[in-house]
Structure formats: structure tokens, C-alpha cells
Amino acid sequence: MKLILLGAPGAGKGTQAEIICKEKNIPTISTGNMLREALKNGTEMGLKAKVYMDAGDLVPDDIIIGIIKDRVAQPDCANGFILDGFPRTIPQAEALDNMGVDIDAVLDIEVADEAIITRMSGRRVCEKCGSSYHMLYKQPKVEGVCDNCGGTLVQRKDDHPDTVKDRLNVYHNQTEPLKEYYSKQGKLLVVHGQEEVEDTTRLVREALEDLQ
Ligand code: AP5
């Protein structure tokens with residue numbers, strides 16, 4: 001299965017991807033996590049991306065398309081993958097089509113902007129493996145410690161309310177047009193993501209059932 005998760009920042013793409021990739025036994029490719037990893041390792045690409053990410057802007061298409069092209073060619077992607085955070089612009093979607101990647105479905109997780117802003121303030125992420133938690137809605141077993149790898153949980157720099165508002169504007173202007181792009185291809189599945197994590201997971205599973 002080749003799946004794209006679409007949705008505003010904080011809609012729950014990463015949270016749902018983590019659950020579905022285990023069930024389907026396919027990797028999740030998160031461009032956000034890849035960029036943060038590159039930054040942590042001090043690579044030239046990571047340092048270049050930092051300026052855009054801190055401001056809530058999108059990293060230039062050529063950088064992102066390059067890393068996706070390399071990643072989907074890896075052997076662990078042979079049986080499928082979940083794309084979380086890519087594509088985010090029409091040129092990125094066109095580049096994916098041009099790579100010959102035949103996507104099965106695009107799952108759009110819909111959450112209102114007001115709920116997003118509240119959600120983001122409580123998000124904590126593992127600085128080691130990137131797993132995502134929430135201070136109220138998805139608590140780790142031990143406060144401040146990642147369940148998966150024992151890493152320290154921290155707040156993302158771009159989760160500051162002002163930056164979240166900028167990211168939402170960028171989403172509405174540059175990423176939302178992808179809904180029409182994939183709807184025209186007959187691949188768009190829309191899921192309501194405003195309720196609890198488990199409710200969204202149930203809706204995601206139902207939406208994916210027809211693809212089995
Ligand atoms: P990226 O890391 O992809 O950020 P994003 O899309 O803004 O998505 P988030 O990770 O913020 O949210 P999410 O939808 O995964 O939500 P989550 O599951 O964590 O990108 C960061 C930056 O990198 C971009 O701004 C850009 O600069 C750059 N970038 C990345 N990809 C790019 C691309 N393709 N092109 C150009 N630039 C790119 O959930 C959020 C919180 O809510 C968590 O705390 C979670 O526990 C909680 N939660 C989840 N679901 C629920 C629920 N149902 N109820 C209550 N709480 C919930």
C-alpha cells in the first residue's frame with residue numbers, strides 16, 4: 001500500500017501514521033522528521049532547512065523532492081509506505097507522479113484551525129526517535145520519557161502559537177490545493193480528525209478497508 005497522509009499541521013498525521021505503519025508493516029516517510037534529523041546531524045541540508053522550518057515556511061521543493069526520491073528507492077519501501085508531510089505543494093505532487101510512484105490513496109485528516117492551535121501547545125516529541133505525544137491526549141507512561149526508545153520529550157520550536165498560525169496560513173495557501181489535485185485523480189479519502197485519537201484511527205481504518 002502506498003498512502004499519502006494529508007492535513008494541516010497538528011491534524012494528527014504523524015500520530016495515525018505511527019499506528020497504521022505498524023499494522024501494515026510498511027515504513028512511514030516523514031519529511032518533517034527527516035529534516036529534523038538532518039538538522040540534528042548538522043548536515044548542510046539540515047542547516048539550510050532550519051531557516052524555513054523555524055519561520056513556519058515550506059522548505060524549497062527541490063530539496064524535498066531530492067530526499068523523497070532517494071528514500072522511496074530504498075529496499076524497505078518495496079511493499080509500500082506512508083508519506084507523512086509530502087507532498088505539500090502541487091510541484092511536489094507532480095514530481096511524485098513523474099517518479100512513477102503510483103499512490104493508492106490520499107487520506108485527508110480534517111481538523112478546524114482553532115483545535116489545531118490548542119493541540120500544538122501540548123505536543124511533545126522525542127528528540128531521539130521523533131515519536132509524538134500530547135500532555136493531555138496522548139501521555140507517555142513516564143512523564144517526559146519516550147515509550148518507544150526512552151529518549152527525552154521536548155517541545156518543537158515551531159509549535160509556538162505565532163508560528164503555528166503562520167504554518168496554518170502556509171497550509172491553506174500551498175497545501176490545501178492538493179485536495180482538488182487528488183480528488184480529480186479519484187484518490188482522495190476524507191476523515192474527520194477532531195475527536196479522540198482512537199476515533200480518528202477507527203475512521204482511518206474504515207476508509208482504508210476498501211483498499212485491501
Ligand atoms: P512536519 O513535521 O511535517 O509538520 P506538520 O505537517 O506541520 O505536521 P505536524 O508534525 O506538526 O503535525 P501532525 O499532523 O503530524 O500531528 P501529530 O500527529 O504530531 O513539518 C515541519 C516543517 O518541515 C514544515 O513546517 C516545513 O518547514 C518542513 N517540511 C516538512 N515537509 C515538507 C515538505 N514536503 N515540503 C516543504 N517543507 C516541508 O499531532 C499533533 C499533536 O496533537 C500531538 O501532540 C498529538 O499527540 C496530538 N493529537 C493527535 N491526534 C489527536 C486527536 N485526535 N485528539 C487530540 N490530540 C491529538
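**The ligand shell and helix α7**

Five elements each put at least two residues into the shell around the ligand: α1 (13–24), α2 (31–40), α6 (113–121), β6 (132–134) and α9 (197–209). Before going on, a reminder that this is a predicted model.

Which helix gives the most to that shell? It is α2, with four residues. In total, 37 residues surround the ligand. The closest are Thr15, Asp57, Arg88, Tyr133 and Arg167. By class, the shell splits into 13 nonpolar, twelve polar and twelve charged residues.

Now the contacts to ligand oxygen. A polar backbone atom of Gly14 is 2.8 Å from an oxygen atom of the ligand. For Ala11, again a polar backbone atom, the distance to a ligand oxygen is 3.2 Å. Arg156 uses its side chain instead: a polar atom there lies 3.1 Å from an oxygen atom of the ligand. How much of the ligand does the protein bury? The ligand taken alone exposes 1,000 Å², and 97% of that is buried by the protein.

Next, helix α7, residues 161–175. Its 15 residues, at 1.5 Å a residue, should span 21 Å. The C-alpha atoms at its ends are 20 Å apart, which agrees with that figure. Which residues of α7 are buried? They are Thr163, Val164, Arg167, Leu168, Val170, Tyr171 and Thr175. These cover an arc of only 165 degrees around the axis, so they sit on the same side of α7. The background is that an α-helix has 3.6 residues a turn, so residues three or four places apart point the same way. Arg167 comes up twice here: it is among the residues closest to the ligand, and it is one of the buried residues of α7.

Two individual residues to finish, starting with Glu23 in helix α1. Is Glu23 buried or partly exposed? With a relative accessibility of 43%, Glu23 counts as partly exposed, because buried would require under 20%. Its side chain makes a polar contact with the side chain of Arg205, at 2.5 Å. Glu23 and Ala105 are 82 residues apart along the chain, and their C-alpha atoms are separated by 17 Å.

The other is Asn33, in helix α2. Asn33 has a relative accessible area of 30%, so Asn33 is partly exposed as well. How far is Asn33 from Glu206 in space? The distance is 27 Å, C-alpha to C-alpha, with their positions 173 residues apart in sequence.

Terms used: Residues numbered from 1 in each chain as written. Predicted model: local features only at pLDDT ≥ 70, side-chain atom pairs only at ≥ 80, totals over all residues. Heavy atoms only, no water. Near = heavy atom within 4 Å. Polar contact = N/O pair within 3.5 Å; in protein donor to acceptor, adjacent residues only side chain to side chain. Areas by Shrake-Rupley, 256 points an atom, 1.4 Å probe, with all protein chains shown as cover. Nonpolar A, V, L, I, M, F, W, Y, C, P; charged D, E, K, R; others polar. Expected span 1.5 Å × (residues − 1). Buried < 20%, exposed > 50% of the residue type's maximum accessible area, 1.4 Å probe, protein only. Arc of directions from axis to C-beta.
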